[in-house]
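Thanks for coming. Please have the sequence and the structure open while I talk.

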Amino acid sequence: MSTCRSQICNPKLGLDDWIDPKVTLSIRQEMQKMILDNETLKVISALLLDNIERGLKKDTHPKSIVKCFPTYVQDLPDGTEKGKFLALDLGGTNFRVLLVELDGTNCNIESKIFAVPLDIMTGPGERLFDHIAECLAQFAFEQGVMDIRLPLGFTWSFPLIQKGLTVGIAERWTKGFSCSGVIGNDVVQLLNEAIARRGDIKIDVCAILNDTTGTLMSCAYRNPDTRVGLILGTGTNGCYVEKQKNAEMFDEPDMGSGNVIINMEMGAFGDDGCLDFIRTDIDLAVDAQCINAGRQLHEKLISGMYLGEMVRYYILKFINRGLLFGGKGADLFSKQESFSTKEMTQVEMDSPGSYKIIREILTKIGLTDVSDEDCINVRFICECVSRRAAHLAAVVLVTVMHKMGEKRVVVGIDGSVYKYHPHVRRYMIQKIRELLDPSIKFDLMLSEDGSGIGAALVAAVAARKRREMQ
Ligand code: GLC
């Protein structure tokens, strides 16, 4: 092609048609490691499958990295679930309390968001649970349900060893939390104790669950083909419906469905070094500054808590090499979190050829002299980061769908990265199509408030099952 510019024709760099030909060659070269080809993605899929198998099996579970915790949720909603439920949702940047009313076909939700201040996220566990109980009491008072003993579902979006539907031992903290006195304890009991300390609210904790399970359940309520739940938000994780006979850590009698939802906790994938071959110097830098350095390495390649930081490090690196903004502005990007995942999302909202939003964002950050070329390069950096995240998430879904062997699978998905990024869904679908056995039909379904409705549904399905067994 006579008009082809040297950088796209460079055989070492490949011919990716999504890359703007005006991207600076050295930036293009440096970012190459962020662009994973399908062969690499297939290797990652095989590694993940092996990790999942090890998590499921009794012999290998103790040393496994991807823990594959059984959730004790064996039945999906059948659409007859009814009633009023309270739900708690802890695990992201905010804590939420919800009142969910299911009427068999629809659900009505009232909810309130409360911040979890940094000192509570990292302080004594007792303070965290007192805070939760206080928010719950305030909400119950406002909703006029203070004196009613409502069933409650508790969405706990951290690794949890479940011993039953209402017993969950906190295994470790992720996503910037590190409260003392929680790990190794039953979080339902910690919640009940905090409520008892107040003495002004009545609740009946009917279920403790992970946000991935809530997401799967909320989508299954609307589409019975849902078999997988995925979160691409502050953190990243997935769950799926596994045959009970394969879930060796689930020592319970078969209650009929023959299945159990497995919370993979695959954010930890790679913590044994098996993903080091794709990690870049920037991934290492992002990890090194975290309170859980060396852990949750797969999550740190994908989720909202880290993507903005990745972009920031790349921008800083290219400023220091004189490749962006004429080598000026390093001070604006040197502070941790001075570029957010939200800003990365916005950068990618400009239509091709337009630099309006990018320029606005860069100007807001404090840069004064931004050229079109700077805008093109910054967008390219963001695209590399978000595409890699989406492709790694696609690999998770492909792996699990191949493992389940179902011919039709709906995946319920929630989380800010999936919901708000303008292209992540498209990137995922495209990559799944390239990698998935074509005889499997799939659909990605946005979960409407999975952590809230899902918590109510797990509690409601448990109540229905109890009735059926009596
Ligand atoms: C982290 C948590 C996991 C949760 C995910 C998404 O990976 O460990 O439990 O599901 O974030 O919120």
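I will go through two sheets, the helices on them, the largest pocket and the cysteines. Keep in mind that this is a predicted model.

I'll start with the five-stranded sheet. It is open, its pairing is mixed, and the strand order is β4-β3-β2-β5-β8. The edges are β4, residues 107-115, and β8, residues 203-209; each has a single partner strand, so one side of each has no neighbour in the sheet. On average, neighbouring strands here are turned by 20 degrees against each other, direction ignored.

Look at β8 from its partner's side. Strand β5, residues 150-156, runs parallel to β8, and six bridges join the two. One residue pair to find on screen is Phe154 with its bridge partner in β8, Ile208. Helix α6, residues 187-198, packs on this sheet and touches β2, β5 and β8, with its direction at about 155 degrees to that of β8. Helix α7, residues 211-222, lies across β3, β5 and β8, and runs at about 95 degrees to β8.

Now the six-stranded sheet. This one is also open with mixed pairing, in the order β1-β11-β10-β9-β12-β13. Here β1 (69-70) and β13 (441-446) are the edge strands; each has a single partner strand, so each has one side without a neighbour in the sheet. Inside the order, β9 (residues 226-232) and β10 (residues 236-243) run antiparallel and are joined by five bridges. Ile231, for example, has Asn237 of β10 as its bridge partner.

Two helices lie across this sheet's strands. Helix α13, residues 372-404, crosses β9, β10, β12 and β13 at about 160 degrees to β9. Helix α15, residues 424-435, lies across β9, β12 and β13, at about 165 degrees to β13.

Next, the pocket. The largest one has a volume of about 940 Å³. It is lined by 35 residues, and those closest to its centre are Thr93, Thr234, Gly304, Met305 and Glu337. Which helix gives the most to that lining? It is α10, with five residues. Helices α4, α10, α11 and α14 each supply at least two lining residues.

Last, the cysteines. How many disulfides does the structure hold? Zero. For Cys68, the nearest cysteine sulfur is that of Cys239, 11 Å away. Cys68 is buried, because its relative accessibility is 1%. Why does Cys375 have no bond to Cys382? Cys382 has the closest cysteine sulfur, but at 11 Å it is too far for a bond. Cys375 also counts as buried, because its relative accessibility is 0%.

How values were computed:
Residues are numbered from 1 along each chain as its sequence is written. This is a predicted model: local features need pLDDT of at least 70, side-chain atom pairs count only at pLDDT 80 or more; totals for chains, interfaces and linings use all residues. Side-chain values use heavy atoms; hydrogens and water are left out. A disulfide is a pair of cysteine sulfur atoms within 2.5 Å. Buried means under 20% relative accessible area, exposed over 50%, partly exposed in between (1.4 Å probe, protein chains only). Two strands pair if DSSP finds at least two bridges between them. Helices (H or I, at least four residues) and strands (E, at least two) are DSSP runs, numbered from the N terminus. Contact means heavy atoms within 4.5 Å. Axes are lines fitted to C-alpha atoms, for helices over the stretch in contact, and angles run from 0 to 180 degrees between N-to-C directions. On a 1 Å grid over the protein atoms alone, a cavity is a set of points where a 1.4 Å probe fits but cannot get out, and a pocket is an open set with protein on both sides within 12 Å along at least five of seven lines; lining residues have an atom within 4 Å of a point. Grid points are joined across faces, edges and corners, and a volume is the space filled by probe spheres set on the points.
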